Amino acid sequence: MRVDALTDVAGVRVGHATRRGGGWLTGTTVVLAPEGGAVAAVDVRGGGPGTKETDALDPRNLVRKVDAIVLTGGSAYGLDAASGVMAWLEERGRGVRVGPDPAQVVPVVPAACLFDLGRGGDFRARPDAATGRAAVEEAAASEPGASVPEGCVGAGTGAAVGPLKGGIGTASTVLDSGITVAALVAANAVGSALDPETGVLYGEVGRGRVTYPDARVHDTARRRLAESAERNGTPPLNTTLAVVATDADLSKAQAQKLAGTAHDGIARAVRPVHLLNDGDTVFALATGEHPLDSRDPLALNAVLAAGADVVTRAIVRAVRAAEPVDGPGGAWPAYEELYGVGGGRSGSYIS
């Protein structure tokens, strides 16, 4: 049964480690590949990225498969979370074998971080190796095909999208070919997910009928958002992170193309995007269960298009699932708090 999540790709599991309270508002999310790993690639388009082991994913380089990907808060400090995931994988002999003993492995764990420093009140409260280990242990303990918690969990705990609270979102689809394509996003952007003129989420425009708020609701929401932005003060430093996974049999080059086109999904849901103070990064994973149609040289196109679509939906779900934060590190209202059920009317919307 599909759960409309990254875990709809068979064998892929997700775990979160979340720290809130006492100055903390951060966390780590781990995407654990099936035993034997998955083909992986990455595309980095933000101007201020913080990453680890992304060069290993270049199609020209040796490493073909990885066992896990880490998305984490804590800015560059939070990349320490990957060390905990590496240690967990090494204990199980998972990684690139580098010696005659099967235990002699080097796990390649690509990671990317987003900026949430100080959002809980304590600038030094950030993920470390223990946080990463907790997240991968949760992933490993989860059932195959399990639903994935969304909103203010894991790497999305301290996330913000413009003036709104951000978080984790996920979505999936099954193509006519039977191939599954899914995404998990930690939505944390300098740009906004919200059309300032209408209050509609950008990612919902063009997806059929939408609900947009009554004028009074929208005016109240805008005042709240302006007050929060003034209180928070400092210029935003952000980064949207995503993992797009598929059960298609892709080469590293094809996976890299998928990671690249998936950025279009961010651009549909957040405006502006890929700025100098974003570090927008998309990873792609391919488990190889379903071969592409060898008779069709353009068979990859359907996977590419779906990748962008599920990223957009995942961002919308992240924003809708987020809960408001009002604490010593700042205030970020949540979309549902401002525009929730009963605050709008249904209709078509043309941008």
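These questions and answers walk through a predicted model, its cavity and pocket, one helix and several loop residues.

Trainee: What ground rules apply to this predicted model?
Mentor: Local features need pLDDT of at least 70, side-chain atom pairs count only at pLDDT 80 or more, and totals for chains, interfaces and linings use all residues. Residues are numbered from 1 along each chain as its sequence is written, and side-chain values use heavy atoms, with hydrogens and water left out.

Trainee: How much space lies in the largest cavity?
Mentor: On a 1 Å grid over the protein atoms alone, a cavity is a set of points where a 1.4 Å probe fits but cannot get out. Grid points are joined across faces, edges and corners, and a volume is the space filled by probe spheres set on the points. A search of the whole structure finds one cavity of 30 Å³ or more. The space in the largest cavity is about 30 Å³.

Trainee: Which class has three residues in the lining of the largest cavity?
Mentor: Lining residues have an atom within 4 Å of a point; here they are G23, W24, L25, T26, D116, L117, G118, R119, G120, D122 and A125. Ala, Val, Leu, Ile, Met, Phe, Trp, Tyr, Cys and Pro count as nonpolar, Asp, Glu, Lys and Arg as charged, and the others, Gly among them, as polar. The lining has four nonpolar and four polar residues, and the class with three is charged.

Trainee: What is the volume of the second largest pocket?
Mentor: A pocket is an open set with protein on both sides within 12 Å along at least five of seven lines. The second largest one is lined by 14 residues, and G36, K65, D67, G95 and V96 lie nearest its centre. By class, that lining has six nonpolar, three polar and five charged residues. The volume is about 200 Å³.

Trainee: Within what arc do the buried residues of α1 fall?
Mentor: Helices (H or I, at least four residues) and strands (E, at least two) are DSSP runs, numbered from the N terminus. Buried means under 20% relative accessible area, exposed over 50%, partly exposed in between (1.4 Å probe, protein chains only). In α1, residues 81–91, the buried ones are A81, A82, G84, V85, W88 and L89. They line one face of the helix, because seen down its axis, with the arc taken from the directions from the helix axis to the C-beta atoms, they fall within 160°.

Trainee: Which helix helps cover the buried residues of α1?
Mentor: Contact means heavy atoms within 4.5 Å. The cover includes the strands β2 (24–32), β4 (51–52), β6 (68–72) and β9 (111–113). It also includes a helix, α2 (129–141).

Trainee: What residue with positive phi follows α1?
Mentor: Look just past the end of α1. Phi there is near 65°, and the residue is G93.

Trainee: Is T240 buried or exposed?
Mentor: T240 sits in the loop between α3 (215–232) and β15 (241–248). Leaving aside neighbours within four places in sequence, T240 is in contact with V185, A186, A187, N188, A189, I266, D280 and T281. Its relative accessible area is 1%, so T240 is buried.

Trainee: What is the phi of T239?
Mentor: T239 lies in the loop between α3 and β15. At 2% relative accessibility, T239 is buried. T239 is not a glycine, yet its phi is positive, about 125°.

Trainee: What is the omega of the peptide bond from R271 to P272?
Mentor: R271 is in the loop between α4 (252–269) and β16 (281–290), and P272 is placed between α4 and β16 too. R271 is partly exposed, at 42% relative accessibility. Beyond its neighbours within four places in sequence, R271 is in contact with G191, S192 and Y202. The bond is cis, with omega near -15°.

Trainee: How far apart are the C-alpha atoms of L194 and H263?
Mentor: L194 is in the loop between β13 and β14, and is buried at 6% relative accessibility. Its contacts beyond four places in sequence include L164, L225, Y335 and Y339. L194 and H263 are 69 residues apart along the chain, and their C-alpha atoms are separated by 18 Å.
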